[in-house]
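Reader: I would like to understand the terms used for this model. Could you take me through them one by one?

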Amino acid sequence: MLFSSYAAPASPDEVIALLGKRNNRIAAGNLWLRMSRRTGGTMIDLKNLGWDQIEETDDAYLIGASVTLHMLETHPGLNAMTGNLFADAFRAIVGVQFRNAATVGGSLYMRAGFSDLLTALLPLNAAVLLYPEKEIPLAEYARLAPAGELIRGVRIPKQEVRVAYRALRNTAGSVPVLTCAVAARGSALYAAIGARPMRAELIGGPGEAPESLAAELTRLTYGTNRAASEAYRRHVAGVLFARCAGEITGKETQA
């Protein structure tokens with residue numbers, strides 16, 4: 001995408017004002033945007049907002065919108081809480097240089113069907129933090145169409161959780177054919193299935209058993225594209241779920 005000007009605002013209000021003008025865009029990691037052949041107005045850089053940190057509070061991890069995927073991948077606290085979820089989920093995304101540029105805010109705003117990040121975050125009861133002060137559950141946010149909103153970060157509650165992640169790719173570094181994350185939080189069991197090739201969707205809840213979630217998988221919508229057929233994705237969803245559920249429960253689950 002070719003822009004006519006560049007701006008690095010010093011405040012979120014300045015960003016909001018710039019977003020109100022047609023064709024202005026937030027650059028974020030500028031990885032997918034740069035592949036577009038469209039022309040734009042002003043490229044907006046969020047580097048001066050201080051949203052590039054992971055803050056730990058008494059009850060949550062607050063992840064700034066400009067935090068990179070590699071920062072999540074290597075964060076000791078988050079990986080300790082989740083059993084290396086982010087390290088497992090991100091290591092196959094292109095390469096370290098790419099993950100050092102791709103940002104949390106840019107990835108979530110896209111709501112791409114192939115997003116490993118969206119699939120990994122959904123079972124953790126994460127919430128998207130918007131500017132001005134607004135918090136929306138990620139599961140709800142993921143269903144919405146992009147509307148020019150300004151993401152300031154993500155909130156992940158501190159919790160006792162057992163979580164496993166699996167993704168199938170046709171080749172190393174390619175976008176996934178299917179993604180799966182399964183998490184046990186207390187008596188609740190959740191699963192997120194992404195790259196169907198639609199956006200990741202969260203299923204499950206309190207009292208769910210692996211067998212009932214496996215049945216719910218069959219009722220999700222799957223599609224066909226150049227990477228895989230609908231029938232193949234449906235089969236792979238059952239296989240990946242069984243492996244994830246088996247990892248966190250210690251029991252073999254029928255796919």
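Author: Gladly, beginning with buried area: it is the accessible area (1.4 Å probe) that two parts lose on being put together, summed over both. By that definition, domain 2 and domain 3 bury about 1700 Å² between them, with 61% of it on carbon and sulfur atoms. In domain 2, Gly-113, Thr-119 and Pro-123 lose the most area to domain 3, together 32% of what that side buries. Please keep in mind that this is a predicted model, where local features need pLDDT of at least 70 and side-chain atom pairs count only at pLDDT 80 or more, while totals for chains, interfaces and linings use all residues. Residues are numbered from 1 along each chain as its sequence is written, and side-chain values use heavy atoms, with hydrogens and water left out.

Reader: How do you know where domain 1, domain 2 and domain 3 are in the chain?

Author: The bounds come from an automatic or database domain assignment. It divides the chain into domain 1 (1–47), domain 2 (48–157) and domain 3 (162–249). The C-alpha centres of domain 2 and domain 3 are 19 Å apart.

Reader: What makes residues of domain 2 and domain 3 count as being in contact?

Author: Contact means heavy atoms within 4.5 Å. By this rule, 23 residues of domain 2 touch 22 residues of domain 3.

Reader: Why is the meeting of Arg-169 and Asp-116 called a salt bridge?

Author: The term asks for a side-chain nitrogen of Lys or Arg within 4 Å of a carboxyl oxygen of Asp or Glu. For Arg-169 and Asp-116 the N to O distance is 2.6 Å, so the pair meets the definition. Across the interface of domain 2 and domain 3 the rule finds 1 salt bridge, and the structure holds 10 salt bridges. The pair links distant parts of the chain, with Arg-169 in strand β9 (residues 162–169) and Asp-116 in helix α7, 53 residues apart. Helices (H or I, at least four residues) and strands (E, at least two) are DSSP runs, numbered from the N terminus.

Reader: Which elements give two or more residues to the side of domain 2 that touches domain 3?

Author: They are α4 (85–90) and α7 (116–121). Helix α7 gives the largest share, 4 residues.

Reader: Why are Phe-86 and Phe-90 called a tilted pair?

Author: Rings of Phe, Tyr and Trp (its six-membered ring) pair if their centres lie within 6.5 Å; planes under 30 degrees apart count as stacked, over 60 as edge-to-face and the rest as tilted. By this rule the count comes to 1 aromatic pair. The centres of Phe-86 and Phe-90 are 5.8 Å apart and their planes stand at 50°, so the pair is tilted. Being 4 residues apart in helix α4, Phe-86 and Phe-90 are separated by about one helical turn.

Reader: Where are the cis peptide bonds at Pro-132 and Pro-197?

Author: One joins Tyr-131 and Pro-132, with omega about -5°, and Pro-132 lies in the loop between β6 (127–131) and β7 (134–137). Another joins Arg-196 and Pro-197, with omega about 10°; Pro-197 is in the loop between β11 (188–194) and β12 (201–206).
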